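Me: Could you take one part of the structure shown below and go through it closely, in connected prose? I would like each term to come with its cut-offs.

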Amino acid sequence: MNMASKLEKVIIVEGKTDKSKVKSILNEDIRIICTNGTISLSKLDDLVDDLLEKDVYILVDADDSGEKMRKQFKREFPEAEHIYIDRMYKEVASAPEHHLASVLLGANIDVKTEFIEKRMS
């Protein structure tokens, strides 16, 4: 595969704990941006401009504020890919590593193999 054609990946999360948790699972160099829970329209506009030529993933909490942020991103940045954690974990920071690894892997993001559940029979 031609490396030049690979888009830079960016994951958008809500908080610093989300960022460090996701970073510990990743096996590729991906920029992680924290919105710190909320994002103003002007900040979102700047972000969208900054992310135009990139592969963007939204990974936010499965709660009201996370849903609100998703709606905002869907409106302002429809090209972004949304990664969902299981609602029972509510927060990215409290989801188990193997769960985060599998949802990231599902979005074609490379994760460290030790976090992938071994489903060998």
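**The last helix and the sheet it joins**

Reply: The buried residues of helix α4 are covered by surroundings that include β1, α1, β3 and β4, where contact means heavy atoms within 4.5 Å. The model is a predicted one, in which local features need pLDDT of at least 70, side-chain atom pairs count only at pLDDT 80 or more, and totals for chains, interfaces and linings use all residues. Residues are numbered from 1 along each chain as its sequence is written, and side-chain values use heavy atoms, with hydrogens and water left out. Helices (H or I, at least four residues) and strands (E, at least two) are DSSP runs numbered from the N terminus.

The residues of α4 that are buried are His99, Leu100, Ala101, Val103 and Leu104; buried stands for under 20% relative accessible area, exposed for over 50%, and partly exposed for what lies in between, with a 1.4 Å probe and protein chains only. Helix α4 spans residues 97-106 and packs against α1 at an angle of about 75 degrees, with the two axes 10 Å apart. Such axes are lines fitted to C-alpha atoms, for helices over the stretch in contact, and angles run from 0 to 180 degrees between N-to-C directions. The two helices, α1 and α4, are therefore roughly perpendicular to each other, since angles of 65 to 115 degrees count as such, those under 35 as roughly parallel, those over 145 as roughly antiparallel and the rest as oblique. On the α1 side of this packing, Lys21, Val22 and Ile25 meet Glu97, Leu100, Ala101 and Leu104 of α4. Just after α4, Asn108 takes a positive phi of about 60 degrees.

The strands named above belong to an open sheet of four, in the order β2-β1-β3-β4 and with parallel pairing; two strands pair if DSSP finds at least two bridges between them. At its edges stand β2 (31-34) and β4, each with a single partner strand, so one side of each is left without a neighbour in the sheet. From one strand to the next, the twist averages 25 degrees.

Strand β1, residues 9-13, is joined to β2 by four bridges, and the two run parallel; four bridges also join β1 to β3, again in parallel. Within the pairing with β2, Ile11 stands opposite Ile32, Val13 stands opposite Cys34, and Ile12 has Ile33 as its bridge partner. Between these two strands the chain passes through α1, and this β-α-β crossover is right-handed, meaning that, with the strands pointing away from the viewer, the path from the first strand over the helix to the second runs clockwise. Five of the five residues of β1 are buried, so this strand is largely enclosed by the rest of the structure. Lys9, Ile11 and Val13 point one way from β1, while Val10 and Ile12 point the other way.

Two helices lie across these strands. Helix α1 (residues 16-25) lies across β1, β2 and β3 (55-59) and runs at about 165 degrees to β2, whereas helix α3 (residues 64-76) lies across β1, β3 and β4 and runs at about 165 degrees to β4.

Three residues fill in the picture, one from each of the other strands. Ile32, in β2, is buried at a relative accessible area of 6% and, leaving aside neighbours within four places in sequence, is in contact with Ile11, Val13, Lys19, Val22, Lys23 and Leu26. Val56, in β3, counts as buried at 2% relative accessibility, and Val10 of β1 stands opposite Val56. Beyond its neighbours within four places in sequence, Val56 is in contact with Val10, Ile12, Leu51, Phe77, Ala80 and Glu81.

His82 lies in strand β4, residues 81-83, and is buried with a relative accessible area of 17%. From Val56 to His82, C-alpha to C-alpha, the distance is 8.5 Å, with their positions 26 residues apart in sequence. The side chain of His82 makes a polar contact with the side chain of Arg70 at 3.0 Å; a polar contact is a pair of N or O atoms within 3.5 Å, of which, within protein, one must be able to donate a hydrogen and the other to accept it, and residues adjacent in sequence count only if both atoms are side-chain atoms. Not counting residues up to four places away in sequence, His82 touches Ile58, Arg70, Phe73 and Lys74.
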